[in-house]
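This report describes one protein model for a reader who is new to structures. Please keep the sequence and the 3D view open while reading.

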Amino acid sequence: MEVWPGTAYPLGATFDGTGTNFALFSEHAEKVELCLFDDDGGEARFRLDEVDGYVWHGYIPQVQPGQKYGYRVHGPYDPDSGNRFNPNKLLLDPYAKAVHGQMDWDPALFSYNLGEPDSVNNDDSAPHMMMGVVINPFFDWDGDHNLRVPYHKSVIYEAHVKGLTQLHPEIPEEQRGTYAGVAHPSVIAHLQKLGITAIELMPVHQFVN
């Protein structure tokens, strides 16, 4: 696959309907490799040579939604200055819009050998690391449209996805704690009865156990 220059914005992986733009910020990196993984764990690396304002970027036409990816970043290894660059460690895109897998806390995930903080661990962390996933940002609203309720008539309900749905008796157990649970008819009916016009969800983050 060929890497085109792409753009420095937006950060993360952005699918445009044909291919995907990748953009990663690093002020002290010396080289950045985009790593694409197949379903069998096979890895292909692509160097991102374009840099604008410390953002390393590239566009690959063939990359489609569902593609798993990560980064290997080369640079100085100097813990005293806060730099622990090591291309043997697969990095999760901080702007990833979806995540695959979990960290299993294998020693390979650490930059040093456990019990030897001054050492350097060069084991490959990829088999033990979560990865970003390219998503399709396009959604078929099937004729639905924005209600455009003016602010002076808005009643905004702040909610936590799990807190709103986890113990609700009318939501199927498998949907509790999920976005599908928030959209369940019983929740919508309750909010409408209260006169709510919009929901503001509290921050949602990937959980690492």
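The text below goes from the whole chain to its strands, and then to single residues.

## The whole protein

The model is predicted, not taken from an experiment. Its chain holds three helices and 13 strands. The radius of gyration is 21 Å, well over the 17 Å that the globule rule gives for 209 residues, so the protein is more spread out than a compact globule. The C-alpha trace spans about 60 × 40 × 35 Å along its principal axes.

Of the 209 residues, 33% are buried. The protein exposes about 13,200 Å², and carbon and sulfur atoms supply 53% of that area. Contacts can also be sorted by how far apart the two residues are in sequence. Among contacts between residues at least 6 apart, 65% join residues at least 24 apart.

The protein carries 13 positive and 29 negative charges. The mean positions of these two groups are 6 Å apart.

## An open sheet of five strands

Strands of a sheet pair through backbone hydrogen bonds, and the pairing can be parallel or antiparallel. In this model, an open sheet of five strands follows the order β4-β3-β7-β11-β10, and its pairing is antiparallel. Which strands lie at the edges of this sheet? They are β4, residues 43-48, and β10, residues 99-100, each of which pairs on one side only.

The partner of β4 is strand β3, residues 31-37, and six bridges join the two antiparallel strands. Within this pair, V32 stands opposite L48 of β4.

## Strand β6 and its partners

Is strand β6 buried or exposed? Six of the six residues of β6, which covers residues 55-60, are buried, so the strand is largely enclosed by the rest of the structure. The burial applies to both faces: V55, H57 and Y59 lie on one side, and W56, G58 and I60 lie on the other.

Strand β6 pairs with β2, residues 20-25, through six bridges, and the two strands run antiparallel. In that pair, F22 stands opposite G58. Strand β5, residues 50-52, is also antiparallel to β6 and is joined to it by three bridges. There the bridge partner of E50 is H57. H57 is thus one of the buried residues of β6 and also the partner of E50.

Strands β5 and β6 form a hairpin with two residues between them, and G53 in this hairpin takes a positive phi near 60°.

## Unusual backbone geometry

Most residues other than glycine have a negative phi, and most peptide bonds are trans. Some places in the model depart from this pattern. The peptide bond from Y9 to P10 is cis, with omega near 0°. P10 is in the segment before β1, residues 12-15.

W105 is not a glycine, yet its phi is positive, at about 60°. D142 is not a glycine either and has a positive phi of about 55°. W105 belongs to the loop between β10 and β11, the latter being residues 131-133. D142 is in the loop between β11 and β12, where β12 covers residues 156-159.

## Four residues by accessibility

The table gives the relative accessibility of W105 and D142, together with two residues from the region around helix α2. A residue counts as exposed over 50% and as buried under 20%, with partly exposed in between.

| Residue | Relative accessibility | Class |
|---|---|---|
| Q175 | 24% | partly exposed |
| A180 | 40% | partly exposed |
| W105 | 46% | partly exposed |
| D142 | 69% | exposed |

## The region around helix α2

Q175 lies in the loop between α1, residues 161-165, and α2. A180 is in helix α2 itself, which covers residues 179-182. Which residues does Q175 touch, not counting residues up to four places away in sequence? They are A180, G181 and H184.

Distances in sequence and in space can be set side by side here. Q175 and T165 are ten residues apart along the chain, and their C-alpha atoms are separated by 8.1 Å. A180 and H190 are also ten residues apart in sequence, with 15 Å between them in space, C-alpha to C-alpha.

Notes. Residues are numbered from 1 along each chain as its sequence is written. This is a predicted model: local features need pLDDT of at least 70, side-chain atom pairs count only at pLDDT 80 or more; totals for chains, interfaces and linings use all residues. Side-chain values use heavy atoms; hydrogens and water are left out. Two strands pair if DSSP finds at least two bridges between them. Helices (H or I, at least four residues) and strands (E, at least two) are DSSP runs, numbered from the N terminus. The radius of gyration is taken over C-alpha atoms; the globule rule is 2.2 Å times the number of residues to the power 0.38. Buried means under 20% relative accessible area, exposed over 50%, partly exposed in between (1.4 Å probe, protein chains only). Contact means heavy atoms within 4.5 Å. Accessible areas come from the Shrake-Rupley method with a 1.4 Å probe; for residues, only the protein chains shown count as cover. Lys and Arg count as positive and Asp and Glu as negative; His and the chain ends are not counted. The place of a charge is taken as NZ of Lys, CZ of Arg, CG of Asp or CD of Glu.
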